[in-house]
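Grab a pencil and have a look at the model below. Then try the exercises before you read each solution.

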Amino acid sequence: MGILEKISEIEKEISRTQKNKATEYHLGLLKAKLAKYRAQLLEPSKSAGAKGEGFDVMKSGDARVALIGFPSVGKSTFLSLMTSTESEAASYEFTTLTCIPGVIEYKGANIQLLDLPGIIEGAAQGKGRGRQVIAVARTADVVIMMLDATKGEVQRELLEKELESVGIRLNRTKPNIYFKPKKGGGLSYNSTVPLTQCSEKLVQLILHEYKIFNAEVLFREDCTPDEFIDVIVGNRVYMPCLYVYNKVDQISIEEVDRLARRPHSVVISCGMKLNLDYLLETLWEYLALICIYTKKRGERPNFGEAIIMRRGASVEHVCHRIHRTLASQFKYALVWGTSTKYSPQRVGLTHVMEHEDVIQVVKK
């Protein structure tokens, strides 16, 4: 029996089993087995055949955004509208066959946008180059999921399921569980909150499935068995995702209103160029980028060229970005902007910068 058959068997078994107190251990074991087989499926086969054409694109710019969606939902049209790159768009499926990069220039930042081929059901098992598409999506900072507004919720659910099965968790944070395998001493199990979904026996059974008998486990929040399995496997990617509903000019205004009010959702029309500016604004928020301007002593700030950093960056990060030796020669910095109590404020290396702050670095 191949891995795919085993996976489908376990999925059927899970759907057949009733969820109650008596079956929770059985379900936990099945989920652990399922995660294990899926991990095997993603590993490349040992007997490597002839190497195909490379698919990934070199990372460039300040951030990377991947466009994922079914064929013919308007990904290539969106790329052509947003960037100066022309991606071939036509009224038949699979017009795009490889990864096409483009660059969005917004607020002084260069955001790399990747137009990926359409995903079909069963992509996680490798159908329609699905595995390469999803591998590229794992390297992105934000995923834009392009959906056809005329098709309802079906596409969103199918795509979420495909990405779930390869370890991409959308709009979720990492479970707050401390897990450390040890050489001996058995299982040490603790929790700082009352647990409703996991018990010590279930945790032990899941760990045994992974051939782990000595470990330290501490639950700091009430987690599901699935989240605990994610922590054991350890190769999960947690990333923000924007659900973009295209072709809203073909549906009723009530339906547009309903879609627009859903969490993490934006409605647009590439054909009529509607709401694209709001989408860019939301994307900027999700990327968590900030612009920082530099200033020389006795001169006006240089607002022409911004340093693009991630939200939460400190003065030390800014120094490293300007020049790698600057942090070692650093004496103090003067900062103007919203991160200070008064302007200019004299700060040290640990001061956290905010969007559109101005910094002047004084060396020793």
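Here are two exercises, each with a worked solution.

The model is predicted, so local features need pLDDT of at least 70, side-chain atom pairs count only at pLDDT 80 or more, and totals for chains, interfaces and linings use all residues. Residues are numbered from 1 along each chain as its sequence is written, and side-chain values use heavy atoms, with hydrogens and water left out.

**Exercise 1.** Work out which strands stand at the edges of the sheet with the order β6-β8-β7.

Step 1: Know your terms. Strands are DSSP runs (E, at least two residues), as helices are (H or I, at least four), numbered from the N terminus. Two strands pair if DSSP finds at least two bridges between them.

Step 2: Read the order. This open sheet has 3 strands with mixed pairing.

Step 3: Look for single partners. β6 (177-181) and β7 (187-191) each have one partner strand, so they stand at the edges.

Step 4: Check one pairing. β6 and β8 (residues 215-219) run antiparallel, joined by 5 bridges, and F179 stands opposite V217 in β8.

**Exercise 2.** Classify the ring pair formed by Y106 and W284.

Step 1: Recall the rule. Rings of Phe, Tyr and Trp (its six-membered ring) pair if their centres lie within 6.5 Å; planes under 30 degrees apart are stacked, over 60 edge-to-face, the rest tilted.

Step 2: Apply it. With 5.8 Å centre to centre and 70° between the planes, Y106 and W284 are edge-to-face.

Step 3: Place the rings. Y106 is in strand β2 and W284 in helix α9, so the pair ties together parts 178 residues apart in sequence.
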